[in-house]
Amino acid sequence: MGKITGFLEFKRENESYIAPEKRIENYKEFTITLPENHLKDQGARCMDCGIPFCHSGCPLGNLIPDFNDKVYKGKWKEAAEILHKTNNFPEFTGRLCPAPCEEACVLGINEDPVTIENIEKNIVETAFNEGWITAQPPKVRTKKTVAVIGSGPAGLAAAQQLNRAGHTVTVFERDEKVGGLLRYGIPDFKMEKHVIDRRVAVLEEEGITFKTNAHVGSNVDANQLKDDFDAVVLCGGATVRRSIPIPGADLKGVTQAMDFLKLNNQYVDGLVDFKDIISAKGKDVIVIGGGDTGSDCIGTSNRHGATSVTNFEILSKPTEGRPAHQPWPYWPMKLKTTSSHQEGVERFFSISTKEFLGDKDGNLIGLKTVEVEWIFKPGERPQLKEVPNTEKEWKCELALLALGFTGAEKTLADQFGLNMDFRTNIEASTKDYATNVPGVFAAGDMRRGQSLIVWAISEGRQAAYHVDTYLMGESSLPLKDDGDLPRI
């Protein structure tokens, strides 16, 4: 490394935010970029650690010490080239990834880890601003055709890799615009959608064809795709939402989080009017589920002008530091306070919703909860137990269910004649991503279940290698050895 003692000289410094009362007035990104000399200092904090565990912490295997060193030396173009060797879309991960690489950073054993994610974001933004990211179409076409179903991060990564191999790639997206949950699940204040559009423009210039409003299994026939293309890659995600089977779940006002977020993103994009979305304005909102989707609902509700926002999590409150049973370099389940939490919310842990309460017209007016505790016994699954005499009623006109996803949609599997595993994901080999139907492959959340954007990109890249091998007998696309990376 260029600055051997950098980790001793510089403290961790991340980008700052516009004040909450200002940023909730709109849906724009609100981070304040660090000056270039400060970013160089952050790159200098990367240690000459011998074995960079950040490599294994990152599902993409990003060459983190290498691009950190280039940033410290001010060689931003070289840093961008290194970053793009393993990551097709660092502008997505640099904004949205929870950074498992930082939790595996060697410096993080007894100090604050390197700000890897922020450095990554600034590398790719510099590259776009300087015009270094341009279309790189293949020099030779193979005459092989590939259909990619789904234009989320897995589908986009698979498409770009297969196009680089020289195949003619068509991406089918059932919504009106490309991006999957990047566009219709992630609020604009976390990632404005021009970030997707500029990358898609590059992919189109490289020769990839995008077909929107193309719902395979509905207005696009799956069997016809198998006939028309030499290979099909399913990257449709794990989109079946988890519900909550309790009395009153069918009341008006009990809403799936993804319906709430998608309509709001369409409103911000000018596709629908505010009167046509699910609005939190003037309502007491309760978000059920304490993950990232729940956090996104909190930020969106505050921007609507909710009267109050409350967040329920059935799990116990995590520790603020790394738990003893999740040692470095593994991913720790610790308390996460997001920028949306900072904008205004009251959070409750170890609480379970028992019933939704409605008026005579079927409108949600409140809900009942009970406190719970988790019983742990060696060798057994944790047991949930209600705490006696802790029932409580809450005023609520909008309950947002941010409870995660249970797997892939069965319709697509039926159309292609595919097997599904016990978790209702598309069953595909961990060795070559192939399904039980020859020529049909699966990648991303559709194969592995609900996971991270960085895993989706990794899955798309890995699947592309195996599809290329299937089509050509061999592949020169990069292949990463996943080894025993922990599932997060």
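In the predicted model, the buried residues of helix H6 (residues 76–86) are Trp76, Ala79, Ala80, Ile82, Leu83, His84 and Thr86. These buried positions of H6 pack against helix H3 (36–44), helix H5 (64–72), helix H7 (90–96), helix H9 (116–130), helix H12 (194–205) and helix H19. An α-helix has 3.6 residues a turn, so residues three or four places apart point the same way. Within H6, Trp76, Ala79 and Leu83 are among the buried residues. For residues 23–131, UniProt gives the feature "domain: Dihydroprymidine dehydrogenase", taken from an unreviewed entry. Helix accounts for 55% of this span and strand for 2%, with the end C-alpha atoms 29 Å apart.

A second UniProt feature, "domain: FAD/NAD(P)-binding", also from an unreviewed entry, is listed for residues 145–460. This stretch is 26% helix and 24% strand, and its end C-alpha atoms lie 17 Å apart.

An open sheet of five strands has the order S5-S4-S3-S6-S18, with parallel pairing. Strand S5 (209–211) and strand S18 (440–442) are the edge strands, each pairing on one side only. From one strand to the next, the twist averages 20°. Between strand S4 (residues 168–172) and S5, three bridges support the parallel pairing, and valine 171 has phenylalanine 210 in S5 as its bridge partner. Helix H10 (residues 153–164) lies across strand S3 (145–149), S4, S5 and strand S6 (231–234), and runs at about 165° to S4. Helix H19 (residues 453–472) also packs on the sheet, where it touches S3, S6 and S18; the direction of H19 makes about 165° with that of S6. H19 is also among the helices against which the buried residues of H6 pack.

Parallel pairing also involves strand S9 (residues 284–288). Five of the five residues of S9 are buried, so this strand is largely enclosed by the rest of the structure. In a regular strand the side chains alternate between the two faces of the sheet. In S9, Asp284, Ile286 and Ile288 point one way, whereas Val285 and Val287 point the other way, and all are buried. S9 pairs with strand S10 (residues 308–313) in the parallel sense over five bridges; threonine 310 of S10 is the bridge partner of isoleucine 286. Together with helix H15 (residues 292–304), S9 and S10 make a right-handed β-α-β unit. S9 also runs parallel to strand S16 (residues 398–401), to which four bridges join it, and here valine 287 has leucine 400 as its bridge partner.

Side chains of opposite charge can pair when their charged atoms come close. The count of salt bridges in the model comes to 31. In one of these, glutamate 409 and arginine 174 meet at 2.9 Å, N to O. This pair links distant parts of the chain, 235 residues apart: glutamate 409 belongs to the loop between strand S17 (405–407) and helix H17 (410–416), and arginine 174 to the loop between S4 and helix H11 (181–184). Glutamate 409 is partly exposed, with a relative accessible area of 26%, and arginine 174 counts as partly exposed at 36% relative accessibility.

A further salt bridge joins lysine 368 to glutamate 355, with the closest N and O atoms 3.8 Å apart. Lysine 368 lies in strand S13 (residues 364–375) and glutamate 355 in strand S12 (residues 351–358), 13 residues apart. Lysine 368 has 30% relative accessibility and therefore counts as partly exposed; glutamate 355, with a relative accessible area of 27%, is partly exposed.

Glutamate 459 and arginine 448 also form a salt bridge, in which the closest N and O atoms are 3.8 Å apart. The two positions are 11 residues apart, glutamate 459 in helix H19 and arginine 448 in helix H18 (residues 445–448). Both glutamate 459 and arginine 448 are buried. In addition, salt bridges with shared partners join Glu29, Arg95, Glu125 and Arg198 into one network.

Conventions. Residues are numbered from 1 along each chain as its sequence is written. This is a predicted model: local features need pLDDT of at least 70, side-chain atom pairs count only at pLDDT 80 or more; totals for chains, interfaces and linings use all residues. Side-chain values use heavy atoms; hydrogens and water are left out. UniProt positions are given in the numbering used here, feature names are shortened, and annotations may be inferred rather than shown by experiment. Buried means under 20% relative accessible area, exposed over 50%, partly exposed in between (1.4 Å probe, protein chains only). Two strands pair if DSSP finds at least two bridges between them. A crossover is right-handed if, with the strands pointing away from the viewer, the path from the first strand over the helix to the second runs clockwise. Axes are lines fitted to C-alpha atoms, for helices over the stretch in contact, and angles run from 0 to 180 degrees between N-to-C directions. Contact means heavy atoms within 4.5 Å. A salt bridge is a side-chain nitrogen of Lys or Arg within 4 Å of a carboxyl oxygen of Asp or Glu.
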